[in-house]
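Visitor: I'd like to learn to read a model like this one feature at a time. Please start me off with a helix.

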There are 2 protein chains.
Amino acid sequence: MKSEITLDKSVGIVQTQYYTFAVPPDEMLLVSGEKLGPITLAYETYGTLNQNKSNAILILHALSGSAHAAGYHTEADAYPGWWDHYIGPGKAFDTSKYFVICSNIIGGCSGSTGPSSVNPHTGEEYALDFPIVTIQDMVNAQRHLIDYLGIEKLLAVAGGSMGGMQALQWSISYPDRVQSVIAIATAASLSAQGIAFHEVGRQAIMRDPNWNNGNYYHATSPSNGLSLARMIGHITYLSEKLMHEKFGRRLQQADIFKFRFDLEFEVESYLHHKGNDFVQRFDANSYLYITRAIDYFDLKNDSGGDLANAFVHVNSDYLIISFSSDWLYPTPQSREIVRALRMNSKNVVFTEIQSDRGHDTFLLPNEQLEHNIANFLKREFEKVHKK
Amino acid sequence: MKSEITLDKSVGIVQTQYYTFAVPPDEMLLVSGEKLGPITLAYETYGTLNQNKSNAILILHALSGSAHAAGYHTEADAYPGWWDHYIGPGKAFDTSKYFVICSNIIGGCSGSTGPSSVNPHTGEEYALDFPIVTIQDMVNAQRHLIDYLGIEKLLAVAGGSMGGMQALQWSISYPDRVQSVIAIATAASLSAQGIAFHEVGRQAIMRDPNWNNGNYYHATSPSNGLSLARMIGHITYLSEKLMHEKFGRRLQQADIFKFRFDLEFEVESYLHHKGNDFVQRFDANSYLYITRAIDYFDLKNDSGGDLANAFVHVNSDYLIISFSSDWLYPTPQSREIVRALRMNSKNVVFTEIQSDRGHDTFLLPNEQLEHNIANFLKREFEKVHKK
């Protein structure tokens, strides 16, 4: 039911595609030493790959995202893809100019191989038999997809939050295949506080009796635990200021206290709504695996304790963006990345965007973010085509 | 097993006392309109009440505190009371000079009437039949105790966090009975973010099947939910910086990842430890009631939307203290109280103490906090005795 005008600025109706690889006996070796295969990755593409394949941009998503970054799956869809504000004709990732690919991740539950997939060795869902995957493993799997699409070098790899971690990892794992990196609201490693919030979310799931040690695929899902985990997450995605402005201490009904444990304040109702929504579309085991992958991500540790070492061999230019009110991935963590890159004399553009909207700013319309991405990409595209 | 030296600076061995009042038919009317009685309050006293009863200080505790603020219950106690750093001979609340009373709260589970107490009307534990209590109700109950102790006017009412809310409320509810207020790391109302964290904690409890709608006193306690709630709480009590310094991303064992969902990082193990400790000593229903009381506290709302109106009739002097890294009760919330008091030309001393230790700073040894309290009390004591 989208109006013509809306679809005019949109990539329109799109379809998720699937690529399967690492078919046994050629399984993919994971960082943990375990093997995984076959692997299916869900992905979407928008725009057209040019003849010399020099306009491809890989978009990577955060914890709860999917391959569906832009456009609509059907005319009846109420909402477009998760980064539709930024992907489309004339938008920051201008699909009239660039070929945009959004890849899902292994470990997820949105069409790619994860704990809810059937383990070909047993004919049953993997559940906790699914191996622990890392950000590096996610990136290695995506590299297979990019090979399959016949793209030698990506004009850019871009993402926010965990997507930004993947983007950074891409430039480290495959230095010759990444012209530029756009890493938004991210870090070289999650803080102790971030790990703590993740652990509480995981415990909420694992303490739900319906979780049943991960074996719930033919029974009731641990929705109580998963929605609780999502509620905790949502507190960390918003700034205190935004919560204050959005909800303050407003009551849900009338002007007087009910003096009960029912939902009383609007902020409680908001969190419950977010939690309940989430369990409709997300797998509890995937939540465990993905948060653990974020916890494990540590570029400093990977390179002997000095973050500068992580970027010694990279060949990319970087756009690093943080948001002033993001307390989950605060600006100092972005600055740490910028410093490490500059110590290696890499090309870095860094901007801290003033915003009251916390970590979630990267998902919301923001003119500055739009301009920063568009200008950076324009320069990178020109650079490539002057060569 | 305390050394002589330790006991020398300590109030020594103390005993919790109990006062029962509001015996039916004289039950206490609560803000909600419900009635509660009989009511028992647990309390401890340290030092000696002087002849003209002008040296009494009432100490009020935070969410998980108790009447046991100082000294030891037995020689074998591993730890003293929760504010032993500040209460004792020669300490900030100098028990060689002042008569210090610490009162527990209604709704709690440390000797005072709360949801785990037996309802005399049924002979069973109240559980969720216990009425919702507010900070005002807690203070009204404490007023009965202060009457019983024969104290007309308290030299000071002091507390941190929820204890600070009670202290502020004392000066508003009983303006002629409070010479001065020491309100530390507190607010005139909890923020939307604070309510959100409380609600997630409550949900963790209420979604534990052992909670059983509050009826678990003769069965297994909802320890999973309660410890999860406590883990969430502990994240908010520490600053990100302290967590970083205390745990960083250090692993629990060895130097390599286990690639499992077991406790991997030290910060996870710390939270689990805190959660497991808590369930040994706290009642899950009390956690619900007390967090709700904090949520409901709103001095601005109580006085028609203008915080200045809350303090029109107070007759106390105030010491307001915040901590720079406290993000649960951040400094601007203390400044809001200070502004409202100054608009009423009240005597206010305000200090923001620089600290990396977050909200929990008020429970830890801190020289500045000690000096601020000691000096303020000295002046108030002199003021009273010059009159």
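**Reading helices, copies and odd backbone spots**

Visitor: What span should the 15 residues of α5(B) have at 1.5 Å a residue?

Guide: The expected span is 1.5 Å times one less than the number of residues. For α5(B), that rule gives 21 Å, and the end C-alpha atoms are 21 Å apart, so the two agree. Helices here are DSSP runs (H or I, at least four residues), strands likewise (E, at least two), numbered from the N terminus. Before we go on, this is a predicted model: local features need pLDDT of at least 70, side-chain atom pairs count only at pLDDT 80 or more, and totals for chains, interfaces and linings use all residues. Residues are numbered from 1 along each chain as its sequence is written, while chains are lettered from A and ligands numbered from 1 in the order written.

Visitor: How many residues of α5(B) are buried?

Guide: In α5(B), 13 of the 15 residues are buried, so the helix is largely enclosed by the rest of the structure. The test counts other C-beta atoms, placed from the backbone, within 10 Å: 20 or more is buried, 12 or fewer exposed, in between partly exposed. Helix α4(B) has 14 of its 15 residues buried, so it too is largely enclosed. The end C-alpha atoms of α4(B) are 21 Å apart, in agreement with the 21 Å expected for 15 residues.

Visitor: How is chain B laid on chain A?

Guide: Two copies of a chain are related by a rotation about an axis and a shift along it. Here a turn of 180 degrees with a shift of 0.0 Å along the axis lays chain B on chain A, at an RMSD of 0.0 Å (least squares on C-alpha atoms with pLDDT of at least 70 in both). The copies are thus related as by a two-fold rotation axis. The same surface serves both, as 100% of the contact residues of chain B recur in chain A.

Visitor: Which elements of chain B touch chain A?

Guide: The contact takes 40 residues from chain B and 40 from chain A (C-beta atoms within 7 Å). On the chain B side, α4 (192-206), α5 (223-237), α6 (240-246), α7 (266-279) and α8 (284-296) each give two or more residues. Helix α4(B) provides the largest share, ten residues.

Visitor: How is chain A divided into domains?

Guide: Chain A has domain 1 (4-190 + 298-386) and domain 2 (198-289), with bounds from an automatic or database domain assignment. Their centres, over C-alpha atoms, are 27 Å apart. Their contact takes 21 residues from domain 1 of chain A and 15 from domain 2 of chain A. The whole chain has twelve helices and 14 strands, and 56% of its 387 residues count as buried.

Visitor: Where should I look for unusual backbone geometry?

Guide: Most residues other than glycine have a negative phi, and most peptide bonds are trans. The bond from A:P24 to A:P25 is cis, with omega near 10 degrees, and A:P25 lies in the loop between β1 (17-21) and β2 (28-29) of chain A. In chain B, a cis bond joins B:G37 and B:P38, with omega about -5 degrees. B:P38 is in the loop between β3 (35-36) and β4 (39-46) of chain B.

Visitor: Is A:S161 buried or exposed?

Guide: A:S161 counts as buried, with 27 C-beta neighbours inside 10 Å. Its phi is positive, near 60 degrees, and A:S161 sits in the loop between β11 (156-160) and α3 (162-173) of chain A. B:K53 also has a positive phi, near 55 degrees, but B:K53 is partly exposed, with 15 other C-beta atoms within 10 Å. Look for B:K53 in the loop between β4 and β5 (56-60) of chain B.

Technical notes:
Contact = placed C-beta atoms within 7 Å.
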